[in-house]
Amino acid sequence: ERLERLGWSCSLPSSSAQAPNQIMAATFHALCASILRQHGRHIGIAPFFCIYDSDEQKACIKSALTSLALDPTKFKSSMVLSIFSKARSFAIRSSKGRNLEAGPGGRV
C-alpha cells in the first residue's frame, strides 16, 4: 500500500510492472541495514550481521558476564552497554579496550 501511494504521488502508473522497482520504501534503519548488507564487505562488514534490540543486547551481556564468572550485581548489563556505547562514540577499537580514554580528563 505504501509503495502504491508513493508511486501515485510520484506520478508513476500503478499498472506499470516497473513501479515497485522504481521506489524503495523503508525506515531509515532498514535502509541502512540493506545498504550494509549489500556493500558492507567493502568496509569489513559481513552481509549476515545481526542487529540486536535492547532486550537482546542485555541478554547477550548477561550471558557474557556469566561466562566470565563476573558478579552480575557488580557488573550490570546496562552499565556494560553504556561503556560499549561510549567506546563506539570515541571510535576506540576493542583491541585497546583495557585503558579506554573517554576524552579530556575522563575515563570510561
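**Notebook: contacts, surface and cysteines**

I began with contact range. Of the contacts in the protein between residues at least 6 apart in sequence, 7% join residues at least 24 apart. I note here that the model is predicted.

**Overall fold.** I looked up the secondary structure next. The protein has five helices and two strands. Read from the N terminus, the order is α-α-α-α-α-β-β. The helices are written before the strands in that order.

**Burial and surface.** I checked how much of the chain is covered. The protein has 108 residues, and 13% of them are buried. I then took the accessible surface, which comes to about 9100 Å². Carbon and sulfur atoms hold 57% of that surface.

**Helix H5, Ser77.** I picked Ser77, which sits in helix H5, residues 77-89. Is Ser77 buried or exposed? Ser77 is buried, because its relative accessible area is 10% and the cut-off for buried is under 20%. I also listed what Ser77 touches beyond four places away in sequence: Lys58, Ile61 and Lys62. Helix H4 covers 54-67, so I place these three partners of Ser77 in H4.

**Helix H5, Met79.** I moved on to Met79, also found in helix H5. Met79 has a relative accessible area of 36%, so I logged Met79 as partly exposed. Met79 belongs to a nonpolar surface patch. Which other residues make the patch? They are Leu68, Leu70, Phe75, Ile83 and Phe84. I noted the patch area as about 500 Å².

**The H4-H5 loop.** I went to Ala69, in the loop between helix H4 and H5. Its phi caught my eye. Ala69 has phi near 55°, a positive value in a residue other than glycine. Ala69 counts as exposed, because its relative accessibility is 69%.

**Cysteines.** I asked how many disulfides the model holds. The count comes to zero. A disulfide is a covalent bond between the sulfur atoms of two cysteines. Why is Cys60 not in one? The closest cysteine sulfur to that of Cys60 is in Cys50, 9.6 Å away, so the pair is too far apart for a bond. The cut-off I applied is 2.5 Å between the sulfur atoms.

I finished with cysteine exposure. Cys60 is at 39% relative accessibility, so Cys60 counts as partly exposed. Cys32 is partly exposed as well, with a relative accessible area of 29%.

Terms used:
Residues are numbered from 1 along each chain as its sequence is written. This is a predicted model: local features need pLDDT of at least 70, side-chain atom pairs count only at pLDDT 80 or more; totals for chains, interfaces and linings use all residues. Side-chain values use heavy atoms; hydrogens and water are left out. Helices (H or I, at least four residues) and strands (E, at least two) are DSSP runs, numbered from the N terminus. Buried means under 20% relative accessible area, exposed over 50%, partly exposed in between (1.4 Å probe, protein chains only). Contact means heavy atoms within 4.5 Å. Accessible areas come from the Shrake-Rupley method with a 1.4 Å probe; for residues, only the protein chains shown count as cover. Patches are made of residues with over 30% relative accessible area and no salt bridge: like charges are joined within 9 Å, nonpolar side chains (Val, Leu, Ile, Met, Phe, Trp, Tyr) within 5 Å. A salt bridge is a side-chain nitrogen of Lys or Arg within 4 Å of a carboxyl oxygen of Asp or Glu.
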